[in-house]
Amino acid sequence: IGCGNGVFLGRALECGWEVHGVEPDPAAAKVARESSRNIHQTAFESFETLLRFDTITASHVIEHVYDPIEFVEHALALLKPGGTFWLSTPNADSIGHGWYREAWRGLEPPRHLSIFSASALVETFRRAGFERVTLHRRGRGSNYIVRESQLNSLKLGKSRQRILPPWLVDLAASISPALGEELIVTGVRTK
């Protein structure tokens, strides 16, 4: 969902997966079609198919939608029994958000409509109908968001703020999935 330029789909194809991508942006969908012919240029909420999928991924998409529970319900409906929905999104309770506050890169107003805490995201999956929901640790990848947050902080005139070391954020995220700059959650369709 939100396959963008199709790079992830191309990698999945190389690994032997049959892939389908949903992308609302016409320019991005056109580029993605270079990786896979199964690109559906539409909003996910409007995507309809008789196909059912083993796995659905949505990397940094849910924060852009108007109705997150409906979004997750739609993903659940498109999964085969036993299928997995994998999702990543900025973490409202991240160390970086606490450190940089309004300068935190994950906020991105007005593009981001909803920013989740770990408990809110798990509850969203449960309310949408997922019974098996798991948060995953991701002890890497904070460098970009921490650097961008520091630059935003400088733009807002907070030049005296100490720099948050990305390695420290990654270490904390290795210990607890609720501390990283992004949340990774999976839900399994049980029925």
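**Figure 1. Aromatic pairs in the predicted model.** Five aromatic pairs are present in the structure, which is a predicted model. In one of them, the ring centres of Phe 85 and Phe 125 lie 5.5 Å apart and the ring planes meet at 15 degrees, so this pair is classed as stacked. The pair joins distant parts of the chain, since Phe 85 belongs to strand β4 and Phe 125 to helix α5, with their positions 40 residues apart. Phe 85 has a relative accessibility of 0% and therefore counts as buried. Phe 125, likewise at 0% relative accessibility, also counts as buried.

**Figure 2. The tilted pair of Phe 125 and Phe 130, and the ring cluster.** Phe 125 also forms an aromatic pair with Phe 130, in which the centres are 5.2 Å apart and the planes make an angle of 35 degrees; this arrangement is tilted. Phe 125 and Phe 130 are both buried. Through ring pairs, Phe 44, Phe 71, Phe 85, Phe 125 and Phe 130 are linked into a cluster.

**Figure 3. The largest nonpolar core.** This core comprises 28 residues, and those touching the most other members are Phe 71, Phe 85, Leu 87 and Phe 125. Two or more residues are contributed by each of strand β3 (53-59), helix α3 (68-78), strand β4 (79-90), helix α5 (118-128) and strand β6 (182-188). Of the residues that touch the most other members, Phe 71, Phe 85 and Phe 125 also belong to the aromatic cluster.

**Figure 4. The surroundings of Cys 3 and Cys 15.** What is the distance from the sulfur of Cys 3 to the closest cysteine sulfur? That closest sulfur belongs to Cys 15 and lies 17 Å away, which is too far for a bond. Seen from Cys 15, the closest cysteine sulfur is that of Cys 3, again at 17 Å and too far for a bond. For comparison, the cut-off for a disulfide is a sulfur separation within 2.5 Å, and the count of disulfides is zero. Is Cys 3 buried or exposed? Cys 3 is buried, with a relative accessible area of 14%, whereas Cys 15 is exposed, with a relative accessible area of 64%.

**Figure 5. The largest pocket.** The space in this pocket amounts to about 960 Å³. Its lining is made up of 33 residues, and Phe 8, Leu 9, His 20, Thr 55 and Thr 57 are the ones nearest the centre of the pocket. Helix α1 (7-14) and strands β3 and β4 each provide at least two lining residues. Strand β3 gives the most, with six residues. By residue class, the lining of the largest pocket contains 18 nonpolar, nine polar and six charged residues.

**Figure 6. The second largest pocket.** A volume of about 480 Å³ is found for this pocket. Its lining consists of 24 residues, of which His 60, Pro 90, Tyr 144, Ile 145 and Glu 182 lie nearest the centre. Strand β4, helix α6 (143-155) and helix α7 (166-175) are the elements that give two or more residues to this lining. The lining of the second largest pocket divides into six nonpolar, nine polar and nine charged residues. Strand β4 thus appears in the lining of the second largest pocket and in that of the largest pocket.

Conventions. Residues numbered from 1 in each chain as written. Predicted model: local features only at pLDDT ≥ 70, side-chain atom pairs only at ≥ 80, totals over all residues. Heavy atoms only, no water. Core = buried A, V, L, I, M, F, W, Y, C linked by side-chain atoms within 4.5 Å. Buried < 20%, exposed > 50% of the residue type's maximum accessible area, 1.4 Å probe, protein only. Helix = DSSP H or I, 4+ residues; strand = E, 2+ residues; numbered from the N terminus. Phe/Tyr/Trp six-rings, centres within 6.5 Å; stacked < 30°, edge-to-face > 60°. 1 Å grid on protein atoms, 1.4 Å probe; cavity = no way out; pocket = protein on both sides within 12 Å on 5 of 7 lines; lining within 4 Å. Points joined across faces, edges and corners; volume = space filled by probe spheres on them. Nonpolar A, V, L, I, M, F, W, Y, C, P; charged D, E, K, R; others polar.
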